[in-house]
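Colleague: Could you walk me through the charged pairs in this model, slowly enough for someone who usually works at the bench?

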Amino acid sequence: MRAIELKHPLIEHKLSILRDKNTGTKKFRELIKELAMFLCYESLRDASLEDVTVETPMQKIETRCLNEDKYAFMPILRAGLGMVDGVLSVLPNAKIGHIGMYRDEETFEPVNYFFKAPKDLEHREVIIIDPMLATGGSAIDAISLLKEKGVKKIKFLCIIAAPEGIKKVEETFPDVQIYCAAIDDHLNESKYIVPGLGDAGDRIFGTK
């Protein structure tokens, strides 16, 4: 599966404001939420629907609905938390788990420190959310953890992705579909995405 990059004037507009170093914490959070909502919408194009009967003010009809209980969102801490409200605005009854990781600043490798998942995870479609897909290390570790739990269908949603990270995830887990709002140019020597938007976690939580 090749990464799906959302192409839309509204998304490009919002990304421009998000990238601006002068954009404040409040606005940055709002934009992350809005872009997460768009990404979630796109990722559900292949969603299966179930037959239901609905009574309108006029009559009963046979229609189809999504079973939200079949879905779980797994934000990678801490930056992934900034996307939770956005995806829940699309699937408010989906379950939420958490994957705790941080990047070792010397090796640039992810360090796992927390994992909490909903019950019956193996029977759900799991959508991992993280604003940045840089080296791909955290994404691969998160996907590996979920596969060890028996999860069969996994998707990865991010705001900005680097080609290096996409390549690594696609080579390691070709069955995992990546959705992103933008594919940027490259990673610098510090493994930050260029042009990127800086450290998403620091900008979401105002810690720098």
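Which residue forms a salt bridge with Lys 155, and how far apart are the closest N and O atoms?

Modeller: Happy to! The partner is Asp 46, and the closest N and O atoms of the pair are 2.7 Å apart. Lys 155 lies in strand E10 (residues 153-161) and Asp 46 in the loop between H2 and strand E2 (50-55), so the salt bridge ties together parts that are 109 residues apart in sequence. By salt bridge I mean a side-chain nitrogen of Lys or Arg within 4 Å of a carboxyl oxygen of Asp or Glu. Helices (H or I, at least four residues) and strands (E, at least two) are DSSP runs, numbered from the N terminus.

Before going on, a word on the model: it is predicted, local features need pLDDT of at least 70, side-chain atom pairs count only at pLDDT 80 or more, and totals for chains, interfaces and linings use all residues. Residues are numbered from 1 along each chain as its sequence is written, and side-chain values use heavy atoms, with hydrogens and water left out.

Back to the pair. Lys 155 is buried, at 2% relative accessible area, whereas Asp 46 is partly exposed at 42%. The cut-offs are under 20% for buried, over 50% for exposed, and partly exposed in between, with a 1.4 Å probe and protein chains only. The two residues also belong to a network of salt bridges, in which they are linked with Glu 125 and Lys 153.

The model has 14 salt bridges by this rule, and two others are good to look at beside this one. Glu 34 pairs with Lys 14, their closest N and O atoms being 2.6 Å apart. That contact joins helix H2 (residues 25-43), where Glu 34 sits, to helix H1 (residues 9-19), which holds Lys 14; the two residues are 20 apart in the chain. Glu 34 is partly exposed, with 26% relative accessibility, while Lys 14 is buried at 15%.

Arg 45 makes a salt bridge with Glu 42, with 2.9 Å between the closest N and O atoms. Here Arg 45 is exposed at 61% relative accessibility, and Glu 42 is buried at 18%. As background, side chains of opposite charge can pair when their charged atoms come close.

Charged residues turn up again in the largest pocket. A pocket is found on a 1 Å grid over the protein atoms alone, as an open set of points where a 1.4 Å probe fits, with protein on both sides within 12 Å along at least five of seven lines; its lining residues have an atom within 4 Å of a point. The largest one holds about 680 Å³, the volume being the space filled by probe spheres set on grid points that are joined across faces, edges and corners. Of its 28 lining residues, Ala 79, Arg 103, Asp 130, Ser 138 and Asp 199 lie nearest the centre. Elements that give two or more residues to this lining include strand E6 (98-103) and helix H4 (137-148). By class, the lining has 16 nonpolar, six polar and six charged residues. In that count, Ala, Val, Leu, Ile, Met, Phe, Trp, Tyr, Cys and Pro are nonpolar, Asp, Glu, Lys and Arg are charged, and the others, Gly among them, are polar.
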